[in-house]
Structures are given as C-alpha cells and as structure tokens.
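I am keeping these notes while I go through the two chains, one look-up at a time. Each entry records what I looked for and what I found.

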Amino acid sequence: MTTLCLPCISVDHASDVWNKRRQGITVSDTDYEVTYTPEHSNSDQRTYSAIQIEQLKQDLEETKLAFSHSDGSSDKKHASDIDAAVAEIVHSSISQLELNSFQLSNGGFWAWLSNVAADGFFWDFIYWRFKKRGKEQDPARKNWGICSIREFHEIYFARSWLMGHKVHEPEAKDPYAFVKKSGTENWRSHILRVEFGWDPEFVKALVDVIEEDDIKSNLMRTKLVPSLRAWISSANFVDLSHDESKKIIRYLVSKELG
Amino acid sequence: MSNKVFSVSRRDVAFNIGRSFDELVRLRKNETGEFQFESGVVVEEPIGCDFKNEYRPVLRFNRLSPEIFKKLDLAPDSLNVIVTVADTALHLRKIVTKFCASELIESSTARDVRVPLKEQANMGFFGGLEIGVYLKPKHSDFESTDKMIWHSSQVLYAARFEFKVATEDAVFRLHFVPFGDELKNVVYCVKWISDDVISGVASDSFEVHINDELKNEFKLLESNKTFGPLGTRFLFAGILREIIEGTLKRIGDVGDTEIEAAGDSAYGFVKNMFKAAGFVDDWSMYIQMANETNITDQSEVSEMALKVAQIIAESGSALSNQYYPQSLGSS
C-alpha cells in the first residue's frame with residue numbers, strides 16, 4: 001500500500017493566508033509554499049487532493065446546514081453536537097485513506113487543510129463554528145493551526161480527528177459512541193489538554209461517568225478535575241480497566257462531595 | 001604456546017543489584033551502546049525526526065535487593081512493573097509490557113525490555129515520545145484508603161525517558177495581524193478573547209497581535225545588534241505588563257481569592273511570572289488586592305506589574321522566534 005502524500009504549510013504562511021481570508025482578499029497559490037509528508041519525490045506518488053476532500057466537504061456542509069441559525073451563524077447550544085459530528089466525519093474520512101499517524105501528527109497538514117484547502121471552505125467552517133453571534137472578536141487562530149507543535153490538539157480539525165483516534169471502536173454498534181459523550185467542553189479542556197486524557201480506556205470511563213452520573217460542568221471544573229489532577233501527581237491510569245477507571249473516578253467524586 | 005585471554009561479562013554481578021528504586025532501570029536509545037540514561041531527556045531532535053525508525057530503545061532492569069521492599073513493608077509480589085510508551089503530540093499512552101516486581105528479585109540476571117516503536121501503529125511520534133517505567137500495586141483495596149498506597153493507579157516509583165523535539169516552547173505566540181488604517185501607527189495590542197483566565201489555557205484568553213505593516217521593521221530591529229535587544233525588551237515589557245494587568249483584572253472580576261487555576265491558564269502564566277521575577281510572596285497579596293477593588297484603580301498593582309514585566313523582559317528572547325520562553329509559564 002503506497003502512502004498518500006499530505007500537503008503541509010508553515011505556520012507563517014498559514015498566518016498570512018488567514019489574514020487575507022479575514023480581509024476578504026483572494027488567496028493565490030503564491031501566498032504560501034506547499035511541502036509534502038512524506039516528500040513528494042516521484043510522479044507515481046499520489047497526493048491528497050480535491051477529489052479526496054470533496055466528500056469530507058459535503059458532509060461538513062450538511063452539518064453546517066443542520067446547526068445554523070436563520071442568519072447563517074452557528075447554533076452554540078449545539079456546539080457539542082457539531083463537534084461530535086465533525087469528529088466522526090473527519091476521522092472516518094481520514095481513516096479510509098492510506099495515511100499513517102506520523103503524517104497526521106504534522107500540524108502543517110492541518111494548517112493547510114484549515115486555511116488553504118477547497119478555496120477556504122474549511123477556513124469558513126472554523127470561523128462559522130467559533131464566531132460568537134453579535135460579537136466583534138475573532139476566534140483564536142490556533143483553531144486554524146496557527147500555533148506551536150505543543151498545541152497540536154488545539155487545531156480544530158486535528159482535534160476532531162484525534163477524538164476519533166483516541167476512542168474509536170470499529171467493532172462497536174456505534175464506533176463513535178464515546179466521541180458523542182460528555183460534551184465538547186469536557187473533551188477540549190478536561191481530556192485533550194490533560195495528562196489523564198492520554199489513556200484511552202480511562203477517557204472512555206470518564207465520559208461514561210460524566211454521562212451516567214450527570215456531572216455538571218461546574219462540578220467537573222471545580223471538583224472532579226482538580227481532584228484528578230491532584231491524584232495523578234503520584235498516580236496514572238494507563239493500566240486500569242474500564243471498570244477500575246470508573247470506580248476510582250466515582251471514589252474521587254464522592255470524596256469531593258463528602 | 002599462545003596465551004589465551006578470556007573476558008567474561010556477566011550482568012548479575014553484585015554491583016548490578018539495586019539497593020534503591022533509583023537503581024531499578026537504565027535506558028539505551030538503540031540496540032547497542034551503554035545503558036546510560038537514568039531518566040529525563042534522552043535525546044533532542046529537530047522537527048520532522050522519524051523517531052520510529054531512528055531509534056530502538058532498550059530498558060535494562062537491574063536485579064533488586066529484597067531489602068528495599070522489606071523497608072517499605074511491601075511484598076514484591078503485590079507490585080507490578082509497567083513499561084509504557086507515549087506519543088507526546090497525540091497525547092496517547094499505552095502499555096508495552098508489565099511483569100511482577102518479584103521477578104526482579106528472583107531473576108539471576110538483569111532483564112532487558114525492548115520498546116518496539118515501529119509496532120505502535122496508532123502513534124507517529126512526530127512531536128517526540130516518552131517511555132515510562134512505573135512500579136505500582138497490582139490490586140486496589142477501597143477498604144484501606146487510609147493507607148499511603150492502596151490503589152492500583154498509585155505510583156510507588158517512576159522513571160520517564162523523553163525523546164524530545166526541539167521546539168521553541170512558547171506560552172504565547174506573536175501574531176502579525178493587519179491593524180487597518182485607523183490603527184496603522186499602533187505597534188501591538190493584547191487581544192482578550194475570553195474573560196476566563198482560570199479554567200482554560202492562556203491561548204484561550206488572549207492573543208498578542210503585532211501590526212502586520214511593521215513586520216519588516218521588526219525583522220530589521222531584531223537583527224540590529226546595537227538596538228535590537230533593547231528595543232525588543234521594551235516591547236516585551238509592555239506586552240507582559242498588559243497581560244499581567246489584564247489577567248489580574250479578570251481574576252478580580254471573578255471575586256474568588258481561593259481560586260484553583262490550571263497551571264497553563266493565563267492566571268498560572270502570570271503567577272509563574274511573579275515567581276520567576278522573585279515576587280512569589282507578593283502573589284497572594286496582589287490576588288487579594290485584585291479581588292478587593294477594580295485593578296485599574298490600583299497604582300500599586302500597576303507598578304508591580306511593571307516591575308515584574310521589566311524583570312522578565314530582561315531575560316526575554318529574540319522576536320524572530322515569535323515566542324516567549326516556556327520556562328516562565330510551566331512550573
């Protein structure tokens with residue numbers, strides 16, 4: 001199986017393209033330089049191209065339509081539904097291609113997809129997703145891949161793929177069931193950014209407990225997460241089963257709530 | 001008659017019996033070479049390094065003295081040694097192998113464990129990797145929560161070996177942004193994206209924008225050996241002062257002096273700046289002051305923000321990196 005070459009751009013070029021799109025200036029291919037991972041060295045090597053992203057684009061377009069207000073802005077009440085749908089769309093689309101984790105960990109690809117690909121369709125999608133209705137402020141640029149390698153999980157489409165990559169269960173009735181649990185804020189702040197989010201089985205247990213015990217975001221932020229952070233200063237969950245993970249999470253919750 | 005000289009190398013000689021957990025394990029980064037690494041950073045490579053194909057790490061577990069366990073009143077057969085590998089960009093970790101700690105006492109030789117990076121299909125190691133060795137209880141006992149060690153997630157001993165990617169570890173990035181005609185003479189501004197400076201990461205709270213029109217001037221300034229360092233220091237001091245004041249103001253708005261903030265939040269970042277500037281004892285006082293009245297009315301707090309910013313800026317880095325050094329924000 002030949003690995004598909006993925007286009008990548010630098011953060012500086014992503015930033016230049018971002019500025020142009022924000023000002024409504026047409027972006028031309030002289031505004032950025034594309035490199036490939038792996039290096040595109042001969043004509044037999046295929047590259048990720050418009051054909052492969054067309055279906056991805058169509059699926060995202062449907063999501064956009066399903067969760068838009070009448071003025072076209074995104075419905076923030078359904079932010080979790082949007083992000084879960086996008087995670088499934090992006091992960092399933094990418095999984096069908098001959099790509100490896102090394103290529104997909106390259107933020108340059110996600111910066112290309114977010115800023116350059118499909119004549120700015122993905123740029124518009126991210127802007128639509130995060131722009132607050134009636135507010136002037138632009139969303140954070142790290143969502144488009146204008147960030148350091150440490151912030152890989154902050155890039156919107158990269159983290160959508162990563163959510164699926166962490167907890168996707170191909171044999172399950174719903175392979176993306178865990179992606180749809182617990183809501184986008186928990187995924188973003190309390191799973192993708194923290195060390196206890198490194199262990200997939202623990203992540204599945206955590207989203208299960210949040211759903212099953214109906215743990216509200218305030219309790220999550222002020223009690224459970226600080227408690228988990230304190231606990232992992234001298235512990236980790238890497239070898240815990242799903243049930244063992246749930247048990248320790250529930251113990252910490254009960255301890256916090258007295 | 002020729003003299004034959006035999007050299008015998010045994011791994012089970014006395015000095016390989018560990019007397020403390022610190023002697024439990026060593027690492028070598030490839031199939032050959034010395035087991036020289038005890039923990040910490042093993043290697044630092046440029047971005048794009050293919051760690052998966054470049055390295056074949058091997059861990060050597062020394063035999064352990066039973067005395068170590070006796071002193072701790074722990075039975076070695078109640079503990080597991082767990083070896084993990086983690087992809088530091090994807091934030092994914094998995095077990096490579098685990099075995100009972102008693103095997104290290106009973107074994108007549110040291111034990112080598114290969115960490116097969118190539119076999120980790122769902123990891124790419126583009127951002128580096130971490131190999132972990134943990135000594136943990138095999139079982140949990142929820143009836144003994146008063147004991148120091150009672151749960152199988154608890155770590156009795158840990159060694160972590162890091163294969164790093166050399167990056168400019170940054171707390172914030174400088175974004176070159178068009179300011180438009182109205183603000184064409186403004187050099188920079190701190191754009192507050194959110195008033196939450198506590199629970200999110202710093203980059204959720206603010207972005208530092210530099211006037212795109214001045215991009216070339218910035219490049220010239222930083223390459224100017226005479227004025228570059230001074231000019232950038234002034235700029236950094238101003239930016240940092242705005243971040244400190246803006247963060248303190250927003251903490252004040254929350255009105256909670258007992259805040260438990262995430263270390264990578266704007267709050268954590270500013271707290272670390274105070275610490276780095278040597279004002280660690282003053283921090284809680286300023287948080288208290290920030291909570292009492294509107295921070296913008298407090299000249300004393302502004303003065304402190306200025307002092308901290310100046311001290312930090314003096315140790316700042318070049319603008320070309322477009323970053324401020326991570327060391328200030330990650331303690």
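Entry 1, chain B. I began with burial in this predicted model, and I find that buried residues make up 39% of the 331 residues in chain B. I then went through the secondary structure of chain B, where I count 9 helices and 14 strands. For the contacts in chain B with a separation of 6 or more, I looked up the sequence range, and I note that 71% of them join residues 24 or more positions apart.

Entry 2, domains of chain A. I turned to the domain assignment of chain A, which gives residues 1-169 as domain 1 and residues 181-258 as domain 2. Between the C-alpha centres of these two domains of chain A I have a distance of 28 Å. Where they touch, I find 9 residues of domain 1 of chain A in contact with 8 residues of domain 2 of chain A. On the domain 1 side, I see that helix H3 (79-95) and helix H7 (156-167) of chain A each supply at least two residues, and that H7(A) gives the largest share, with 5 residues. I also sorted the residues of this domain 1 side by character, and they come out as 4 nonpolar, 2 polar and 3 charged.

Entry 3, a helix pair in chain A. How do H2(A) and H6(A) lie relative to each other, roughly parallel or roughly antiparallel? I looked up helix H2 (residues 50-66) and helix H6 (residues 117-130) of chain A, which pack at an angle of about 30 degrees with their axes 11 Å apart. Angles under 35 degrees count as roughly parallel, and therefore I enter H2(A) and H6(A) as roughly parallel to each other. I add that the crossing of H2(A) and H6(A) is left-handed. The residues that make this contact are A:Ile53, A:Lys57, A:Leu60 and A:Lys64 on H2(A), facing A:Ala117, A:Ala118, A:Phe121, A:Phe125 and A:Trp128 on H6(A). By character, I have 7 nonpolar residues, no polar ones and 2 charged ones in the contact of H2(A) with H6(A).

Entry 4, between the chains. I finished with the contact of chain A and chain B, which takes 43 residues from chain A and 46 residues from chain B. On the side of chain A that touches chain B, I find several helices that each supply at least two residues, among them helix H1 (11-23), helix H8 (184-192), helix H10 (217-231) and helix H11 (242-257) of chain A. H7 of chain A is also one of these helices, and I had already noted H7(A) on the domain 1 side that touches domain 2 of chain A. The residues on the side of chain A that touches chain B divide into 17 nonpolar, 15 polar and 11 charged.

Methods: Residues are numbered from 1 along each chain as its sequence is written. Chains are lettered from A and ligands numbered from 1 in the order in which they are written. This is a predicted model: local features need pLDDT of at least 70, side-chain atom pairs count only at pLDDT 80 or more; totals for chains, interfaces and linings use all residues. A residue is buried if 20 or more other C-beta atoms lie within 10 Å of its own, exposed if 12 or fewer, and partly exposed in between; C-beta atoms are placed from the backbone. Two residues are in contact if their C-beta atoms, placed from the backbone, lie within 7 Å. Domain bounds come from an automatic or database domain assignment. Ala, Val, Leu, Ile, Met, Phe, Trp, Tyr, Cys and Pro count as nonpolar, Asp, Glu, Lys and Arg as charged, and the others, Gly among them, as polar. Axes are lines fitted to C-alpha atoms, for helices over the stretch in contact, and angles run from 0 to 180 degrees between N-to-C directions. Angles under 35 degrees count as roughly parallel, over 145 as roughly antiparallel, 65 to 115 as roughly perpendicular and the rest as oblique. A crossing is left-handed if the near helix is turned anticlockwise from the far one by less than a right angle, and right-handed if clockwise.
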